[in-house]
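Colleague: Got a minute to walk me through this one? I'd like to go contact by contact.

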Amino acid sequence: MKEKRITDKFEVTDVAVSMKNVNLYYGAFQALKNINMDVAKGEITAFIGPSGCGKSTLLKCINRMNDLVEGCRIEGTFEIGGRNIYGAGVDLQTLRRNVGMVFQKPNPFPVSVYDNITYGPRLYGIRDKATLSAIVEDSLKRAAMWDELKDRLDKSALALSGGQQQRLCIARALSVQPQILLMDEPTSALDPISTGKIEELCAELKEKVTIIIVTHNMQQAARISDKTGFFLLGELIEYASTEKIFSNPEKEQTERYITGRFG
Amino acid sequence: MENGLENRLNKLKSDFAKMCRTVEGMLASANALLIKPDRAGAADVVKKDKLVDEAEADIENGCMRLLLRNQPFAKDFRDVSCILKAITDVERIGDQAADIAGISMSFDSSAEEKTLLKMGTLALAMVRDSVNSLLNEDVELAEKTQILDDEMDELFDLACKEIVRKIQQNPAFAGTAAELLMIAKYYERIGDHAVNICEWAEFGNTGIHCKHQ
Amino acid sequence: MKQGFNLSKIKEGVAKAVFALAACFAVLSVAAIIGYLLYAGIPAFRETGVGNFLFSTTWAPGYDGPASEKFGILPMIVGSTIATGGALLIGGTLGVAVAVFIVYFCPAKFKMPLVQTVSVLAGIPSVIYGYFGLKQIVPALAAISPNGNGTGVLAVSLVLGIMILPTVASLTKDALEAVPAAYYEGALALGLTKEQSVFKVLVPSAKSGISTALGLGIGRAVGETMAVIMVAGNTVQFPKGLFDGFMTLTGNIVMDMSYASGVHRSALVATGFVLLLFILVLNGILYAVKGKGRKERRKFRFSIKNAGDKGASKVGNALAGFYNRCADGAAEIAQKVKMTALKATDKISCATNAAVTAVLGKGTDKEGKPIYKKAGGGYIVLKVLCAVGTLIMVASVAYLIGFIVVKGTQAFIETGFVNFMFGKGGAGKNSLAPAFVSTGALIGISLAISLPIGVCAAIYLVEYAKSGSRIVKVIRLFTDTLSGIPSIVFGLFGVIVFNDALGLGYSLLSGGLTLSVMILPTVVRAVEESLLNVPLSYREASYALGAGKIHTIGKIVLPCALKGILTATVLSVGRIVSESAALLLTAGSVKNMPRGITSPGSSFAVMMYMYASEGLYMNEAYATALVLIVIVIAINAVIFAIGPKKEKKIERKKNNG
């Protein structure tokens, strides 16, 4: 019953996230300026732009991780399934269960693989061993690492390689069945092979989970995303299909950035 | 991964192979039409050329998209480059086959130019071998095929002389002769295109293009 | 639905309030200590007058009635200053030398043993230092003393010097290890030798950390009580020579407190208040001076989750600003000593000018290689001096521990091990059984109080308080202050509040309560440190899965910090076991088995002091000392077992990742 309520609350429609007139301030500093964008369901959307352009900040607004930042003030609306996630009566737990997140550096908890993945489900009240085991198997399968890890579930997650740790973090995020997955430079700490595996994983996941990925690596955005948004100094300069952005961008700033002539 | 390099490259390769086989078929038909003119058959070849043009556009687009999105390196890079370059030659061959077929429509009976027919046979062989060398990554075959171009050039000279001699003997033949000369020129060009394809086949395998040296 | 939501909000709110309350406890403690000492000291100030109290030279409790009473503490102020100066000269110099040797010159296989030696030295209770001084140093000095008197300035300087050595050495070591490796590489790349790089580049870069270390050493010297009274001679006078007896502020308090009453008692409390004021003023200056540096450091700590500055160095930071000048003075002296040594070398090597200019850092350029070589020779002398300093330390430890072990073993043989350890104490018979029980009770009471409060306070500081907010600054100032207060002051506070005001009298409960206030900052700091070491990314991951703060703290942060909490516990146990001054004042000094927590009782350290000071029970004193030493070494072993393993694991992690 409880579970049903939680998923019902933010049922994404064709537009997974709709951001309108978003302004964000850190104290007096305006980090995001009038952002308007709709993220389509079942696609991979990439945010690109130079450091400090606001792309990560915007990403963190979508599961309200910015609530943890002191002096952060957000204007405008973020709608998921027609509900403003900053509106009254929104339960953070419910929101974050539906909008998962993977971070720049792999951050598995220093416990076993199994406990890492069951952390989320336990939080939502699942205690039954069989159910938990099923969730572990399912999550690891979706993260394409069940075969790698099925015999090492009780081993410490910290004993895994960096790439495995990051995929475990993806599996952990998937364990609560989010509808949207935010990825904040998920491969910047990884080698090319692990990066390739994670990109492949993203492509497989996007059928069921809408993915928004922040990346410094333009080639990565070009490889895996369907739509790309280019940010500069807190503004969304251009937002279009990835092919359009990378072959024939509308704005000169976009062109200069993606051709490496920025600044 | 539907957008993955592997998938995209494989699809490009198979589309390209299909297009090559279509063009081969068109050339074979054109050769046959010279021996046995057939309006319907000629129209069919011309229609196929339209399909080939479309396929060229698709494959070109696919190549560029792959370059843009997947940033191929090494063999992948050479394969895409090969396809992107060779496809122009293949398309031209298709055009010329269609042109030959078009000219054949004005013929009432079999053209009795032995040299011209030989050129047709040689052109088809060169196209087939060059495409095979590219698709099968066969450098040896590519080298052999390029040598055939000399034979083609000799045949072209011979064909020209023969036709000129025929005009001198029979000025009424001039109208037909002009068309035959064009066909000869088409075959000669097809030979050149085949050589180009062979050169790209070599590049695809070795990374060296003879004209880049 | 809504209810569940509100419920969790309420839970979070309540938890936050509990943590905040715990954090405020530190503030309350300091306020209470200041308030009560001032309140209880007022009669003395009123009777004597503040100026007279501080600057008159006669300390004469009224044996002949109130009229003849005179309370002037100037001799004690001077005594404390001299004792501190002497200790700093010996312990400060040696401590820095030991640290430099350990960090830069020590062969790898001796490194860990040396570090362990330093930490064992730090853990040895002051009563043992005092007894060792009394039995070994004082007789040796008496032999060479012109007045035949072994006690006095030199004896105190030596004992206190060895006592502050580990403090200075371990903090200096931390400071040196925090110097970026790139400096060393850069120096080598410029063509400097290893010795030149160390003394010209690396040690100077750690200057502020070393000052901090020396400052903390001063703090320990000023506040030391038990060791000092055993070797100072305890005459209220201005010492005129190295072998003249004198009295320190702390010594005066502990010597008189047990029998003083009325204005006399109040004057002792007022002495404690002066001591406390001294520490507070220093802390205040520190905050004013070091405010900027702290801010930066905090930022650094938060950005780099493990900045590695250990709890102790934080205390040091707090005191550093205040003590900087003293430290600079000491450093200057040390520098002069080094310079003298260098000059001597120069004469030997007939290259005086070159070496001096190189040492002074003038015109080392464009002079060619010969100068570098000769200068390097000078630095090698410094290196040798560091090694000699280390040898002195090792020899002292070996001597001290060897002395206690040999004497203690003999004593056990003579008194009968089982009898003495576990026998029933009685009129004629001495036994340690009461000490076991009392120490256990003291540990239990103080941990039961300070551990939950300390953990909660640390959680509030790390997890809830906004970094850099005024509340945090205030709380940190007060915990830092609390940790800088000498234990004798806690003792006074305990006497006034728990013994007198609450009417607990001399009792284990009173002692335990006093100790729990005393160890609170240790616990807060150690737990805080281990919480800060839990990567922020763990918390983020938990929040991103939808977990609330309390859930994250309970399921992720605390389990990860468990080892740190364990270390805090063991450290606290160590402090409790070796504490004597505060307990002497609050829990009393009886040899009997305590009947309950409301009856008086003596811990091992107090028991040992009693045997030692009575002079009748030498064997018992040695045997108790041996027990104490064993406990100290065991505690060190436990901390060693918890600590380094963790670090190794983290390193391995990094390698894998």
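Colleague: At what angle do H17 and H20 of chain C pack?

Modeller: This is a predicted model, where local features need pLDDT of at least 70, side-chain atom pairs count only at pLDDT 80 or more, and totals for chains, interfaces and linings use all residues. Residues are numbered from 1 along each chain as its sequence is written, with chains lettered from A and ligands numbered from 1 in the order written. Helices (H or I, at least four residues) and strands (E, at least two) are DSSP runs numbered from the N terminus, and axes are lines fitted to C-alpha atoms, for helices over the stretch in contact, with angles from 0 to 180 degrees between N-to-C directions. H17 (433-464) and H20 (508-532) of chain C have axes 6 Å apart, and the angle is about 40°.

Colleague: Parallel or oblique, then, for H17(C) and H20(C)?

Modeller: Under 35 degrees would be roughly parallel, over 145 roughly antiparallel, 65 to 115 roughly perpendicular, and the rest is oblique. With an angle of about 40°, H17(C) and H20(C) are therefore oblique.

Colleague: Which residue classes make up the contact of H17(C) with H20(C)?

Modeller: Ala, Val, Leu, Ile, Met, Phe, Trp, Tyr, Cys and Pro count as nonpolar, Asp, Glu, Lys and Arg as charged, and the others, Gly among them, as polar. On that scheme the contact divides into 23 nonpolar, seven polar and one charged.

Colleague: Over in chain A, which strands are the edges of the open six-stranded sheet?

Modeller: Strands pair if DSSP finds at least two bridges between them. The order is E6-E7-E8-E3-E9-E10 in chain A, with mixed pairing. Each edge strand pairs on one side only, and those are E6 (99-102) and E10 (235-241) of chain A.

Colleague: And what stands opposite A:Phe231 in E10(A)?

Modeller: E9 (227-232) of chain A pairs with E10(A) in the antiparallel sense, over six bridges. The residue opposite A:Phe231 is A:Leu236.

Colleague: Which element gives the largest share of chain A's side touching chain C?

Modeller: Contact here puts C-beta atoms, placed from the backbone, within 7 Å, and 25 residues of chain A meet 19 of chain C. H3 (92-98), E6 and H4 (113-123) of chain A each supply at least two residues of that side. The largest share, four residues, comes from H3(A).

Colleague: How many residues does each chain put into the contact of B with A?

Modeller: Chain B's side has two nonpolar, four polar and three charged residues. Chain A gives nine residues, and chain B gives nine.

Notes
Contact = placed C-beta atoms within 7 Å.
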